[in-house]
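Hello,

Here is the structure you asked about. Please open it next to this email, and my notes follow below.

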Protein chains: 2
Amino acid sequence: MTVPSAYQRLTARFALIATIGECASMLGWDAAAVMPPGSGAARGDQLAVLAVLGHERLVAPDVAADLAVAETSDEWQAANLRLMRHAYARAKALPADLVEAQAKANSNCEKVWRIARKNADFRMVQPHLAEVLRLTREAAAALSDALGLSPYDALMDGYQHGIGADDVAPVFTAYEDFLTATLPEVEAYQARQPQAVLPAGPFPIGLQEAFCRDLAQRLGLDFDHARLDQSAHPFSGGTPTDVRITTRYVEDDVTSAILAVVHETGHALYERGLPSAYARQPVGEAAGMAVHESQSLIVEMQACRSDAFLGWMGGHLHATFGGSAEPYHLENLGRLWRRVERGFIRVDADELTYPAHVILRFRLEQAMIAGDLAVADLPGAWNDGLHALLGITPPDDAQGCLQDIHWYDGAFGYFPSYTLGAMSAAQLMRAARQQVSGIDDALGRGDLSPLLAWLRIHVHGIGSRLDLDTILEQATGSKLDPVAFQAHLRQRYLS
Amino acid sequence: MTVPSAYQRLTARFALIATIGECASMLGWDAAAVMPPGSGAARGDQLAVLAVLGHERLVAPDVAADLAVAETSDEWQAANLRLMRHAYARAKALPADLVEAQAKANSNCEKVWRIARKNADFRMVQPHLAEVLRLTREAAAALSDALGLSPYDALMDGYQHGIGADDVAPVFTAYEDFLTATLPEVEAYQARQPQAVLPAGPFPIGLQEAFCRDLAQRLGLDFDHARLDQSAHPFSGGTPTDVRITTRYVEDDVTSAILAVVHETGHALYERGLPSAYARQPVGEAAGMAVHESQSLIVEMQACRSDAFLGWMGGHLHATFGGSAEPYHLENLGRLWRRVERGFIRVDADELTYPAHVILRFRLEQAMIAGDLAVADLPGAWNDGLHALLGITPPDDAQGCLQDIHWYDGAFGYFPSYTLGAMSAAQLMRAARQQVSGIDDALGRGDLSPLLAWLRIHVHGIGSRLDLDTILEQATGSKLDPVAFQAHLRQRYLS
């Protein structure tokens, strides 16, 4: 028997850690999709135990010893080793008692937040958020020391490795200028269009479910390795060999369930396309949350809301649900599903104004992490910021700073991923259209496969071997370039 | 801060181990109830990792040190400590490489068995079963040394602590005599009865599902801590705060789904009634598989197939599904749902002949573990044994020695639990009727609560503080006494 090399021992260890993570991921899906309401406390314990076990295995002394000596000349293995060292550095930077204190504070705050949001009562959750922020800042400082990044960048790095505030800030500032100029133009353009007509329901849930399942399958999702379920908030979870997406059905509206399914299918297709030869290794994982969002948005926004696909989808919807044909015509569906409107709620926002919601949060969370914005001042800063960006003010905090779970659950530095993903999606789609002929012809037949084949090669199959900018550079010829997104928006909303 | 005592450290350790077990239990439910077919290999890895992590934490040196010195004067804690020592001794007896080899061999054999059963081809799985048996015998020998039990008893002990082959053999021999005398009598009695009439379907699945859910709730299941789903083979799983039962719906038959639900609800009510003050401690667990089966059977066979409950259920079924009233009358439902018939398949057997199936397996598995029966000779021994007990011979091995998963998955010593459970259920029911007035009146209103309240005190709330015989003795005045079961059968099937 040959003695395994340091690298081989590390792959075994990281496979073990990843397998523990898979258990947690499945239990997380269960909690959000099917768990009975009374089981929350026990589930919290289960997830905490898995987190501790995984963390222990990662920060063990033998891992440090192997990481110090492991070497390889293979490109994939080298990337894997680099990511292992990075994961170790992040885990080691945080003392176990801080990790535990954060887990408790986040879980506690999140519970109070649910009630506070329902009651639109920020003060109820304020001390809890202050505690979450205090611990997050402590963690950010520790990570900052270990990684040589600013505290905020050290948090961002946990969601999208290799991207920092200095990369994002100018992109967002440019978008703000673009939005200020473009939004009124789009609103004026929309005002000249005929009123959109809603397809008449009811749309029986069983029929919607079959439609959504069929649609996900057409888009390329293989139900031998996937599930589609219902949950209050659509999400995608699970593991690369068992992806689980959810949606939410409303009997008198066929829109929301379908659009959620195409979005989550994009996430799921990415997971399914990760390099299986590196399954359970850091290099085999998704390349970050911005890349993940680019894959949901390239399917949802770029492909499925394109004229070609909407034209096909309208006919397919009408054939399924019957009634008058007119609401299902492309022009009308476009007016319904591509409507721009200033609103308070991020998750309901259209493509054009969505980045404003992200920019607001990016600026506020940077200020909070820097210690420049106290939690007590958050509601006011939120309302001022939204007004500056979109000219509207939320009627209460439930529609303002209480709307998103992220901060209340300890997730600071995540928000930029949404807009980086939207921009990357536009850039990737432009490149795919240039490189592959017939993408839109296929979309016009409800067929994503030419685009998907291109994404499999240029994004999915890369795993984490490259970072966001390098993925974009190799696939499109340039690093993140917000111009493609702006061109897409002007093309879609002004012509 | 006070230094925790050895006992306190042990409770923390066993709570951790139990929490890891909860993760495995939920993932086991997921695999059987909702997992996509392609995720089996990954799920196997996940469960194996959890098993290893749990086992490691149990056999750790600090556990041995604490077990050596821990002491307590509290009755519950003393029982807990005794069970901890027993769990440690079992885990420590088995070398890690044997545990791993068993896990792999069992999983491999079980996969081949599924195909072999479908093809009725015993020879296909024979070498795999031989390997499983070889490793099981090795494990039994190791456990035998550690526990001072015979190898077969050491395996039984893993399913029902405190019961061995010498306890079971005379009970089973006596039952064989009883069956030989009683079965022809019951068949003659049945032959004089009118033909049973099947309720006319279809029974829409949605309506059946609502009926089953309502029924489980009426029986006492609290869906804040429970789920009801579908699976190919009904089972109950999950954890005490999140019990999950399944059933199987057939559109033209309302019987099978309902009877499965009442059976699994019995299991679930037991889990829900375990002492929450000792949650995640050995003493807070169910008292073994025979006790578990007694709780499913007291609900299914004793309570829900009683005249009183069937009378109520018939009316409730008719009100739900409509059609002709006659098939729902008590006499007819009794003829349908309490029909005795010699058959090949254990899980389809009636109450009277079911023990014959168990006796057969008990004798065969003892012989296999003792080395007196080779795997190659199993099909012949099976057919001879069944013929001796019931006078029938299976047409093929799919309906013979291939029908049950147990051995092919490495479970030897489990089968007696089914019949010990049936006998215990009859004994408990007789005692409950003597001690609590109005049990049958309540059942006649579809109300299990007087019986359930008694079970909560005399069985559920005891956890594992007492063993099977002591539970029975304290609840009914005598240890396991097969006479109650025989009296129940004669009363139900001959009058």
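I start with the sheet in chain B. Strand S1 (residues 226-230) of chain B is joined to S3(B) by five bridges, and the two run parallel. One pair to look up is B:Asp229, whose bridge partner in S3(B) is B:Thr246. Please keep in mind that this is a predicted model.

S3(B) has a second partner. Four bridges link it to strand S2 (residues 236-239) of chain B, this time antiparallel. Here B:Ser236 stands opposite B:Ile245 of S3(B). S2(B) and S3(B) make a hairpin, with two residues between them.

Is S3(B) enclosed or not by the rest of the structure? Strand S3 covers residues 242-247 of chain B, and six of its six residues are buried. A residue counts as buried here if 20 or more other C-beta atoms lie within 10 Å of its own. The strand is therefore largely enclosed by the rest of the structure. Both faces take part. B:Asp242, B:Arg244 and B:Thr246 point one way, B:Val243, B:Ile245 and B:Thr247 point the other way, and all are buried.

Now the whole chain, using chain A. It has 20 helices and three strands. Its radius of gyration is 23 Å, close to the 23 Å that the globule rule gives for 495 residues, so chain A is as compact as a globular protein of that length. Its C-alpha atoms fill a box of roughly 70 × 55 × 45 Å along the principal axes. Of its 495 residues, 45% count as buried. Take the contacts in chain A with a separation of 6 or more: 71% of them are between residues 24 or more positions apart.

Next, the two copies. Chain B superposes on chain A after a rotation of 180 degrees, with 0.0 Å of shift along the axis and an RMSD of 0.0 Å. The copies are thus related as by a two-fold rotation axis. Both use the same surface: 100% of the contact residues of chain B recur in chain A.

Last, the interface. In it, 28 residues of chain B are in contact with 28 residues of chain A. On the chain B side, helix H1 (6-33), helix H2 (40-58) and S1 each supply at least two residues. H1(B) gives the largest share, eight residues. By type, the chain B side divides into 15 nonpolar, seven polar and six charged residues. S1(B) thus appears twice in these notes: it supplies residues to this side, and it is joined to S3(B).

Best wishes

Note on methods
Residues are numbered from 1 along each chain as its sequence is written. Chains are lettered from A and ligands numbered from 1 in the order in which they are written. This is a predicted model: local features need pLDDT of at least 70, side-chain atom pairs count only at pLDDT 80 or more; totals for chains, interfaces and linings use all residues. The radius of gyration is taken over C-alpha atoms; the globule rule is 2.2 Å times the number of residues to the power 0.38. A residue is buried if 20 or more other C-beta atoms lie within 10 Å of its own, exposed if 12 or fewer, and partly exposed in between; C-beta atoms are placed from the backbone. Two residues are in contact if their C-beta atoms, placed from the backbone, lie within 7 Å. Two strands pair if DSSP finds at least two bridges between them. Copies are superposed by least squares on the C-alpha atoms of residues with pLDDT of at least 70 in both. Ala, Val, Leu, Ile, Met, Phe, Trp, Tyr, Cys and Pro count as nonpolar, Asp, Glu, Lys and Arg as charged, and the others, Gly among them, as polar.
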